[in-house]
Amino acid sequence: MKKIPRALVEGFQRFREQHFERNDGLFQQLVKEGQTPKTLVVGCCDSRVDPAIVLDCEPGDLFVIRNVANLVPPVEGRAGHHGTTAAIEYGVRILGVEHIIVLGHAHCGGIGTLMKTAGVTVPGSFIDDWMCLVESARTSVLKDMPEAPFDVQTRECEKRAILISLKNLMTFSWVHEKVESGQLTIHGWYFDIAHGQLLKYNKENERFEDI
Ligand SMILES: [Zn+2]
């Protein structure tokens, strides 16, 4: 059996010193009053794009859901176990978040694989089943920019996949109603890990712009 990485144990010791032994009261307050995050983030599992680190947030600030390629499925039948959907429902209905950010990123492994393999890697792959949620992003990119280099197509696919997730969010009645009544706002953001830029989708001109 492999040993638990030493760096993680040391990391926890530093975390403990900074958050408990300094007695800044943050965790005591969060335990006493519970969590009241105003923002729900749907981010990617990718180890390089932790939303709390990228957005420099404190414990209690963000309700974070991470999955392969930061996807939101549309409303579906009750069969199966809908982890992402259940977490979004918890954030919206129980915690009453005011914002949902779908946080995509450049050089996403999930999107890269979808582009390279057309969504067919190995038979029975759960990843293939999951990534087919944004297959239309891939096909639309290939149709609209067939001559563009693969990297450019892939960056575009990463962005179009965010828009599909924004659309899928609105298929849930409890999201739709809160957006309509102004209690909830949904955002599409894109973190360019190569250039250290954060882009935001602008509905008016249908472009991703520097935030
Ligand atoms: Zn990713």
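**Group meeting: Glu158 and its surroundings**

Good morning. Setting aside neighbours within four places in sequence, Glu158 makes contact with Gly104, His105, Ala106, Cys108, Ile111 and Tyr190. Please bear in mind throughout that what we are viewing is a predicted model.

Let me stay with this residue for a moment. Glu158 belongs to helix 8. Is Glu158 buried or exposed? Glu158 counts as buried, because 29 C-beta neighbours fall inside 10 Å, and the threshold for that class is 20 or more. Met115 deserves mention as well: Met115 and Glu158 are 43 residues apart along the chain, and 9.8 Å separates their C-alpha atoms.

From helix 8 I turn to helix 7, which spans residues 135–144. Which residues of helix 7 are buried? They are Ala137, Arg138 and Val141. These residues lie on the same side of helix 7, because the arc they cover around the axis is only 100 degrees. The other side of helix 7 carries Ser136 and Lys143, both of them exposed. Against what do the buried residues of helix 7 pack? Their partners are helix 5, residues 109–117, and helix 8, residues 150–169. Helix 8, I remind you, is the helix that holds Glu158.

I now move to the sheet. Six strands make up an open sheet, and their order across it is 2-1-3-4-5-6. The pairing in this sheet is mixed. As general background, the strands of a sheet pair through backbone hydrogen bonds, in either a parallel or an antiparallel sense. Which strands form the edges? Strand 2, at 62–67, and strand 6, at 207–210, take those positions, each pairing on one side only. From one strand to the next, the twist averages 30 degrees.

Consider strand 2 and its partner in detail. Strand 1, covering residues 39–44, pairs with strand 2 in the parallel sense, and six bridges join the two. Within this pair, Phe63 of strand 2 stands opposite Leu40. Helix 4, residues 83–94, packs on the sheet and touches both strand 1 and strand 2. The direction of helix 4 makes about 170 degrees with that of strand 2.

Finally, the division of the chain. Domain 1 is assigned to residues 1–34, and domain 2 to residues 37–210. How far apart do the C-alpha centres of domain 1 and domain 2 lie? The distance between the two centres is 29 Å.

Thank you for your attention.

Methods. Residues numbered from 1 in each chain as written. Predicted model: local features only at pLDDT ≥ 70, side-chain atom pairs only at ≥ 80, totals over all residues. Pairing = 2+ DSSP bridges. Helix = DSSP H or I, 4+ residues; strand = E, 2+ residues; numbered from the N terminus. Axes fitted to C-alpha atoms, helices over the stretch in contact; angles between N-to-C directions. Contact = placed C-beta atoms within 7 Å. Buried ≥ 20, exposed ≤ 12 C-beta atoms within 10 Å, placed from the backbone. Arc of directions from axis to C-beta. Domains from an automatic or database assignment.
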